[in-house]
Amino acid sequence: MPELPEVEVVRRGLERWVAGRTVEAVEVLHPRAVRRHPGGGADFSARLRGETLGVPQRRGKYLWLPLAGRDLSVLGHLGMSGQLLVQPEDAPDEKHLRIRVRFGDDAGTELRFVDQRTFGGLSLHETVADSAEGLPDVIAHIARDPLDPLFDETAYHLALRAKRTTVKRALLDQSLISGVGNIYADEALWRSKLHYERPTANLTRPRSTELLGHVRDVMNAALAVGGTSFDSLYVNVNGESGYFDRSLDAYGREDEPCRRCGTPMRRRPWMNRSSYFCPRCQRPPRVAS
């Protein structure tokens, strides 16, 4: 599933290619693609027609397009395989094209939502009152992400210590810090030399500050190369893959030597996922006897 860097790459592409354009028509080709929109496909199409798209926004892994002059936003759920593509109007339809948005201008491109597994979709939502970025009300509970200039580090550190959990669970808790998923959590923990099961209650302020710094560093590094793509399911709006997977230090490197000490990396099942770590650099916490 795409994490903050991948979603930000898509957001930047949408800002370049669709911001300020007025919707002429919307074609919903699969009902599951609008299942989060209460009125269904016909209502989604009718309400979006004639609206002008504002500058795309993002909070963590969530992406939305505010409607200019309205207290409404189009929220995009990418799910496991969703893609928002800007394509020439005469380009052949993708096999898994679910929604087509045509614009009333002569730019010659349209916005397409493509989703092989149909876990994602688009939906229209009212925005939170007094929200400068037009935050959809359904994601008002999502915390700011570490790249957000308004991210409150002090509040984060206090919440982290108060939370009776482990450090990786805390990194993936979108009510504490948004945008971090399995890949970048493993990368930041490896850089911090922290085991994923380290309790947050005994994490000192300097250590949590260091971890937050590594989260930011790894996300910025991924952004610089277009994010992480392991297959064709994650691409930017032009259909191009990111290549941060070539720079991963932990995730997916089971049995390969740790880039720091040479010890073979390990993988352990974790919450229906996997955690990758170095058994020497990231020693597990001691179990109280």
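Arginine 100 is a good place to start in this predicted model: leaving aside residues up to four places away in sequence, it touches Ala25, Val26, Glu27, Leu29, Asp93, Glu110, Leu111 and Arg112. From there, this briefing moves on to a cavity, an aromatic pair and a pocket.

**Arginine 100 and its surroundings**

- You will find arginine 100 in strand E6, which covers residues 97-103.
- Arginine 100 counts as buried because its relative accessibility is 6%, under the 20% cut-off.
- Glu110, one of the residues that arginine 100 touches, also makes a polar contact with it: the two side chains are joined at 2.8 Å.

**The cavity**

- The structure holds one cavity of 30 Å³ or more.
- The space in the largest cavity comes to about 70 Å³.
- Its lining is made up of Phe44, Leu48, Leu53, Leu65, Val74, Leu84, Val101, Leu111 and Leu122.
- Sorted by class, the lining of the largest cavity has nine nonpolar residues, with no polar and no charged ones.
- Leu111 links this topic to the one above, as it is among the residues lining the largest cavity and is also one of those touched by arginine 100.

**An aromatic pair**

- Three aromatic pairs are present in the structure.
- One of them joins tyrosine 196 and phenylalanine 277 in an edge-to-face arrangement, with 5.5 Å from centre to centre and 65° between the planes.
- Tyrosine 196 sits in the loop between helix H5 (182-192) and helix H6 (205-224), while phenylalanine 277 belongs to strand E10 (residues 273-277), so the pair ties together parts that are 81 residues apart in sequence.
- Tyrosine 196 has a relative accessibility of 9% and therefore counts as buried.
- Phenylalanine 277 is buried too, with a relative accessible area of 6%.

**The second largest pocket**

- The volume of the second largest pocket is about 220 Å³.
- It is lined by 15 residues, of which Glu8, Arg58, Asp145, Asp148 and Pro149 are the closest to its centre.
- Helix H1 (4-17) and strand E2 (57-59) each contribute at least two residues to the lining of this pocket.
- By class, the lining of the second largest pocket has nine charged, five nonpolar and one polar residue.
- For a side-by-side look at the two linings, the largest cavity has no charged residues, whereas the second largest pocket has nine.

Key
Residues numbered from 1 in each chain as written. Predicted model: local features only at pLDDT ≥ 70, side-chain atom pairs only at ≥ 80, totals over all residues. Heavy atoms only, no water. Helix = DSSP H or I, 4+ residues; strand = E, 2+ residues; numbered from the N terminus. Buried < 20%, exposed > 50% of the residue type's maximum accessible area, 1.4 Å probe, protein only. Polar contact = N/O pair within 3.5 Å; in protein donor to acceptor, adjacent residues only side chain to side chain. Contact = heavy atoms within 4.5 Å. 1 Å grid on protein atoms, 1.4 Å probe; cavity = no way out; pocket = protein on both sides within 12 Å on 5 of 7 lines; lining within 4 Å. Points joined across faces, edges and corners; volume = space filled by probe spheres on them. Nonpolar A, V, L, I, M, F, W, Y, C, P; charged D, E, K, R; others polar. Phe/Tyr/Trp six-rings, centres within 6.5 Å; stacked < 30°, edge-to-face > 60°.
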